[in-house]
Amino acid sequence: MANQTEKQAIKGGAFLIEDLTCDQVFTPEDFSDEQKMIAKTTEEYVHNSVMPQVPYLEKHEFDRSVKLLQEAGELGLLSADVPEEYGGLNLDKVSSALIAEKMSIAGGFSITHGAHVGIGSLPIVLFGNEEQKQKYLPVLATGEKIAAYALTEPGSGSDALGAKTTAKLNTAGTHYLLNGEKQWITNSAFADVFVVYAKIDGDKFSAFIVEKEFPGVSTGAEEDKMGIKSSSTRTLILQDAEVPKENLLGEAGRGHVIAFNILNIGRYKLGVGAVGSSKRALDISLKYANGRQQFKTPISSFNLMKEKFANMASKIYASESAIYRTVGYFEDRMSQLSAEEQKDGLAVAASIAEYAIECSLGKFFGSEVLDYVVDEGVQIHGGYGFMEEYEIARMYRDSRINRIFEGTNEINRLLVPGTYVRKAFKGELPLFEKAKELQSEVMMLMPEEVGTETLEQEKYLVKNAKKIGLLAAGLAVQKYGKALEKEQEVLANIADIVNNLYAMESVVLRTEKAIAKAGEEKAKQKLLYTQIFCQEAFNQIEADAKETLIAVEEGDTLRMMMSVLRKLTRYTPINVIAKKREAADRLIAAEKYIV
Amino acid sequence: MNIYVLLKRTFDTEEKISVANGQIQEDGAEFIINPYDEYAVEEAIQIRDDKGGEVTVVSVGNEEAEKQLRTALAMGADKAVLINTEDDVENGDQYTTAKILAEFLKDKEADLIIAGNVAIDGGSGQVGPRVADLLGMPYVTTITEIKIEGESVHIVRDVEGDSEKIETKLPLLVTAQQGLNDPRYPSLPGIMKAKKKPLDELELDDLDLDEDEVEAKTETIAVFLPPKKEAGRILEGELSDQVQELVNLLHSEAKVI
């Protein structure tokens, strides 16, 4: 992120209609030495302090979680996002993301950590008033107090605003009395501070800072979960809970502003964590396959194993490239805020909300790559992978929740086209204009000759992927108008196309940047991943687009559009099997994820 | 207390070593502070925190070693010095390193110099003692405990698994053995502070040294990996036949008798 000041921050979602050069994106190769050191400290802390405790944490010995959080606090691992004046370090978003990535290896404990520093502390960081920040942030930054976040209720999950918990000012006007139940609250066994959402007088959705010690606050029994067992999950019970009125967080009736902004952050952090876990699953699977012999041969040398490794690694490369590109966007945008604005939580949150689309993509793509990788990880381990003695079994169970929490992947898919349409109507992105231009352009489309220069084919695929995405989305909007929101399958297809093209472009730009910096020879592995990923993602885009066109159009228009799609998807495929073997051989030799 | 730590950048212990054209391949490898030097840094920081003074970390190497020095600063060292020999020394050895370090240290009035017992790459274990020798300073190797009271120093050193207690005096050079302490990892505030700590870079010229004064005393003939470990073999049959076969194999195959 050199030259931050001169750099124009890129608009959220603009990648669909604009082309970037590789120096406009942040890539993991751009990590500074400090950022790498922060990552390493996190890694060492997880490896040396947390991992030996995991078997106990899995058995709900939560005293250990609290001690581990305090140790993390001493190392500064709880204060990345807390401003300096409240005892924090106020690190850049890349550092904060790296902490989340490295922490993720600890399974359920990373959820404990993430809930504390993220959804637990951030509402106060971003939306607390001066007194609230002074009172809570210094003790949260050290781990002296632990935070939790209470939004979900038995009857309201995805429909967060449908919460039933109520708040009513007492007659003396000193306290709000909160009544209701908040479900599946991470850290609830030991949290001291809960950010709780409730409706004042039954209709004004608002956030409150609720301390465990307040009268009327209690927690239910520990849940027995499928995965992330190392984290505590309970119901938070509020029975005439007495919350001093100064603990109202933000404005009355404006709780949704906090909730939605925090969700954006939770989503990209989840994407980053998924990258970390995916790498870990690949690493342990490579180690296992190199050590395991069948037919007197290490199983890693079988071609079907190689195919798995290459698939896993190229998908990880894609989700890693995409999510750090997104984090780079936040950084660019925040660095343009004035010192004054930096202190204004709403301005900071807006820098992230601008990229709500990218946050949603990172969430569902990251979690699905992780699910794919742990599933193949178990497969590579064979029967041993089914045994809890092996780490991959826990990783497989732990992975599953990621597709559900922080907004289900279905909700996040729907948000992508929904947000686009909103941005288009607000005039933030000239989507309709671009779609119209494209529709006339494609009528005269001539097949292009693609050269053989490095990345030329992949760039061509990205270019056409964008056209396909815009075409499909444009037709859908034209056809259904407002009723489009009922066509959820079409919306999800569009989201998938958009995700694939964002990821494709992210790997192409990252690889291009790496080649520019270190030469093609040193970027060989990146190039292989890029070639593999782009071709396969593009094939998916073609399938999604086809299904969408058939659902949306009919008759002559359909025939015409299908012919356009055929033109846009015409290219000479590469031999991915050969590429995958080559990429896998390097992975097997390194016995870890390498780029 | 004026404490100096001698630090080397080495391959990460997790790295797989590969050799091509008689050279160890460094491409894409991760590098760390030599683990024994990490004990040295930790001990220096602890002694400084207890007795006051200053910890300076010194490394002979190339520009890349700046990262490891920065890590030592992030752990809590006060200053760092990189003696960059990239342009002047092509094939250095322990003598080269020791000579350069001694030249640097001779006017520094160090009370205590701590080095690692051995570097995990070269593995000579010579640099510490050679530096002490060149400085005319007493030294104790492979220490696992050190206590300083005024000028006198109480040391426990590891002697092939046994312990030896030694009393000596400052100034002194010691080399750190595993077990001396549990090195901290740099905290995030430490990392942020390290950015602002001084890291000076010197070259041979700055020490008034000529290239031939530090020329290696040894010559590397060949670099190769240890032979791949083969699976063992279990002999079968009558015990006396097995013994006979074993003796034969030691003669004909292993050629050790």
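This report describes a predicted model of two protein chains, A and B.

## Annotated domain in chain B

The UniProt record, an unreviewed entry, places a feature on chain B at residues 21-211. The feature is given there as "domain: Electron transfer flavoprotein alpha/beta-subunit N-terminal". Over these residues the chain is 29% helix and 31% strand. The C-alpha atoms at the two ends of this stretch are 26 Å apart.

## Contact between chain A and chain B

Chain A brings 23 residues to the contact, and chain B brings 17 residues. The area buried between chain A and chain B is about 1,600 Å², and carbon and sulfur atoms give 66% of that area. On the side of chain A, the residues that lose the most area to chain B are Glu34(A), Met37(A) and Leu75(A), which together make up 34% of what that side buries.

What kinds of polar link cross the interface of chain A and chain B? Zero salt bridges are found there, while three residue pairs are in polar contact between the two chains. Three helices of chain A each supply at least two residues of the side that touches chain B: helix 1 (33-50), helix 3 (62-75) and helix 20 (576-590). Helix 1 gives the most to this side of chain A, with ten residues. By residue type, the side of chain A that touches chain B divides into ten nonpolar, four polar and nine charged residues.

## Salt bridges within chain A

Side chains of opposite charge can pair when their charged atoms come close. Over all chains, the structure holds 55 salt bridges. One of these joins Lys513(A) and Asp30(A), with the closest N and O atoms 2.7 Å apart. Lys513(A) lies in helix 17 (residues 488-518) of chain A and Asp30(A) lies in the segment before helix 1 of chain A, so this pair ties together parts that are 483 residues apart in sequence. Lys513(A) has a relative accessible area of 17% and is therefore buried, the limit for that class being under 20%. Asp30(A), with a relative accessible area of 21%, is partly exposed.

A salt bridge also forms between Glu354(A) and Lys423(A), where the closest N and O atoms are 3.6 Å apart. Glu354(A) is in the loop between helix 11 (345-353) and helix 12 (356-381) of chain A, and Lys423(A) is in helix 14 (residues 409-425) of chain A, so the pair ties together parts that are 69 residues apart in sequence. Both Glu354(A) and Lys423(A) are buried. Elsewhere, a network of salt bridges links Glu29(A), Glu43(A), Glu101(A), Lys102(A), Lys279(A), Glu320(A), Arg510(A) and Lys526(A).

## A salt bridge and a helix in chain B

In chain B, the side chains of Arg9(B) and Glu64(B) meet in a salt bridge, at 3.9 Å from N to O. Arg9(B) belongs to strand 2 (residues 9-11) of chain B, and Glu64(B) to the loop between strand 6 (54-61) and helix 2 (66-75) of chain B; the pair links distant parts of the chain, 55 residues apart. Arg9(B) is buried, with a relative accessible area of 17%. Glu64(B) is partly exposed, with a relative accessible area of 38%.

Why is helix 2 of chain B described as largely enclosed by the rest of the structure? Eight of the ten residues of this helix are buried, so the description applies. The buried residues in helix 2 of chain B are Gln68(B), Leu69(B), Arg70(B), Thr71(B), Ala72(B), Leu73(B), Ala74(B) and Met75(B). Just after this helix, Gly76(B) takes a positive phi of about 140°.

## Two loop residues in chain A

Lys212(A) sits in the loop between strand 5 (204-211) and strand 6 (217-219) of chain A. Its relative accessibility is 31%, so Lys212(A) counts as partly exposed. Lys212(A) and Val193(A) are 19 residues apart in sequence, and their C-alpha atoms are 6.1 Å apart in space. Leaving aside neighbours within four places in sequence, Lys212(A) is in contact with Phe190(A), Ala191(A), Asp192(A), Phe194(A) and Val217(A).

Thr569(A) is found in the loop between helix 19 (555-568) and helix 20 of chain A. Is Thr569(A) buried or exposed? Thr569(A) is buried, with a relative accessible area of 8%. Leaving aside neighbours within four places in sequence, Thr569(A) is in contact with Ile468(A), Phe538(A) and Glu542(A).

Notes:
Residues are numbered from 1 along each chain as its sequence is written. Chains are lettered from A and ligands numbered from 1 in the order in which they are written. This is a predicted model: local features need pLDDT of at least 70, side-chain atom pairs count only at pLDDT 80 or more; totals for chains, interfaces and linings use all residues. Side-chain values use heavy atoms; hydrogens and water are left out. UniProt positions are given in the numbering used here, feature names are shortened, and annotations may be inferred rather than shown by experiment. Helices (H or I, at least four residues) and strands (E, at least two) are DSSP runs, numbered from the N terminus. Contact means heavy atoms within 4.5 Å. Buried area is the accessible area (1.4 Å probe) that two parts lose on being put together, summed over both. A salt bridge is a side-chain nitrogen of Lys or Arg within 4 Å of a carboxyl oxygen of Asp or Glu. A polar contact is a pair of N or O atoms within 3.5 Å; within protein, one must be able to donate a hydrogen and the other to accept it, and residues adjacent in sequence count only if both atoms are side-chain atoms. Ala, Val, Leu, Ile, Met, Phe, Trp, Tyr, Cys and Pro count as nonpolar, Asp, Glu, Lys and Arg as charged, and the others, Gly among them, as polar. Buried means under 20% relative accessible area, exposed over 50%, partly exposed in between (1.4 Å probe, protein chains only).
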